[in-house]
Amino acid sequence: EARKAIAHGMINSNFWNAGVEAGLNDNQIISLASIFGWDIDFGQDIREGDSFHVVFENLFIDGEFIGTGKILAAEFINRDDPFQAIRFSDGEYYTPDGKSMRKAFLRAPVNFKYISSNFKPKRFHPVQKRWKAHRGIDYAARTGTPVVAAGNGKVIRAKYDKYNGHHVFIQHGNNIETKYLHFSKRAVIVGQRVKQGDVIGYVGATGLAAGPHLHYEFLLNGVHRNPRTVKLPDAKPIEKKYKGEFTALAEMRVRELDGSKNALLAMQSPADNLGE
């Protein structure tokens, strides 16, 4: 028999400790981080005062507790920005409006004329005049053509140097990083959160560039991968035929999460009143 249970926590030192204090086991804490891993960098983004609320299963046989089951719904509030996830019968997690919690990536983050240089282990550099690895794709385009973020993430670098010119690096969930080089100008700053399709800069030829183009790199776990062939996450929304069923489930789960939040507020309020 599966019975629903709720847990809620507030981050004071770190996420793991908060999970333990909330009564979650190791697997539940890891699962919670993995559900929200595309939206929140649990190594860099977590702040004191962040909170989470979880609806999950406790499993019983003949009334005896035998362990925990699936996380059914969860909310993580990171820097006052709420993220909610609902588990559907297909085993996947979705936002309450049916979008996948897993995030896809654009194959090409710019409207380009042609690929001027492909990803290859060895090519002759047009400016440095020597053979070296080309760990990205060069998209030739007019100066000033907007370049967009390939996926949701946080800007971890936005500056100028003599090699990369104006450039922007974005950290995404699940250890993915994308790099965009040789802008004519940047449109974002370090620490800024961006969504897929947001303009982050404009094509140029700054730094070591023979002509106007975007040099785009895709790194997984710190290793360069070919952006055109790397296997990207499947991020399909709820199928139309299940939309009604999912919407009803999501509304119920959101009410349960709200109940968890209200319980947390009720626990906090006596202490607040004593403080007054």
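A residue is called buried when its relative accessible area is under 20%. By that cut-off, 45% of the 276 residues in this protein are buried. The model shown here is predicted, and the legends below walk through it view by view.

**View 1. The whole protein is built from three helices and 17 strands.** Let's start with the overall picture. The protein exposes about 14500 Å², and carbon and sulfur atoms account for 50% of that area. How do the contacts spread along the sequence? If we take contacts between residues at least 6 apart, 63% of them join residues at least 24 apart.

**View 2. The largest nonpolar core holds 25 residues.** Which residues have the most contacts inside this core? They are Val147, Val168, Ile170, Tyr180, Ile200 and Leu214. Strands supply two or more residues each here: β9 (137-140), β11 (153-161), β12 (165-171), β13 (176-186), β15 (199-203) and β16 (213-220). As background, nonpolar side chains in soluble globular proteins tend to be buried together.

**View 3. Another core, of 23 residues, lies apart from the largest one.** Its members include Ile35, Ile46, Phe56 and Ile71. Two of these names, Phe56 and Ile71, come back in View 5, where they touch Gln28.

**View 4. Strand β2 (51-61) pairs with both β1 and β3.** On one side, β1 (residues 2-10) runs antiparallel to β2, and nine bridges join the two. On the β3 (64-78) side, the pairing is again antiparallel, over ten bridges. Val54 is a handy residue to follow across the three strands: Ala7 has Val54 as its bridge partner in β2, and Val54 in turn has Ala74 as its bridge partner in β3. Is β2 mostly covered or mostly open? Nine of its eleven residues are buried, so the strand is mostly covered.

**View 5. Gln28 sits in helix α2 (residues 26-35).** Is this polar-named position buried or exposed? Gln28 counts as buried because its relative accessibility is 4%, which is under the 20% cut-off. Leaving aside residues up to four places away in sequence, Gln28 touches Gly23, Phe56, Thr68 and Ile71.

**View 6. Trp16, Val20 and Ile30 make a nonpolar surface patch of about 280 Å².** Trp16 belongs to helix α1 (residues 15-21). With a relative accessibility of 37%, Trp16 counts as partly exposed, because that value falls between the 20% and 50% limits.

**View 7. Asp62 has a positive phi in the hairpin of β2 and β3.** The hairpin has two residues between its strands, and Asp62 lies in that loop. Its phi is near 50 degrees, a positive value in a residue other than glycine. Where does Asp62 stand on the accessibility scale? Asp62 counts as exposed because its relative accessibility is 82%, which is over 50%.

**View 8. Asn221 also has a positive phi, of about 55 degrees, although it is not a glycine.** This residue lies in the loop between β16 and β17 (223-225). Asn221 counts as exposed, because its relative accessibility of 54% is over the 50% limit.

Conventions
Residues are numbered from 1 along each chain as its sequence is written. This is a predicted model: local features need pLDDT of at least 70, side-chain atom pairs count only at pLDDT 80 or more; totals for chains, interfaces and linings use all residues. Side-chain values use heavy atoms; hydrogens and water are left out. A nonpolar core is a set of buried Ala, Val, Leu, Ile, Met, Phe, Trp, Tyr and Cys residues joined through side-chain atoms within 4.5 Å. Buried means under 20% relative accessible area, exposed over 50%, partly exposed in between (1.4 Å probe, protein chains only). Helices (H or I, at least four residues) and strands (E, at least two) are DSSP runs, numbered from the N terminus. Contact means heavy atoms within 4.5 Å. Accessible areas come from the Shrake-Rupley method with a 1.4 Å probe; for residues, only the protein chains shown count as cover. Two strands pair if DSSP finds at least two bridges between them. Patches are made of residues with over 30% relative accessible area and no salt bridge: like charges are joined within 9 Å, nonpolar side chains (Val, Leu, Ile, Met, Phe, Trp, Tyr) within 5 Å. A salt bridge is a side-chain nitrogen of Lys or Arg within 4 Å of a carboxyl oxygen of Asp or Glu.
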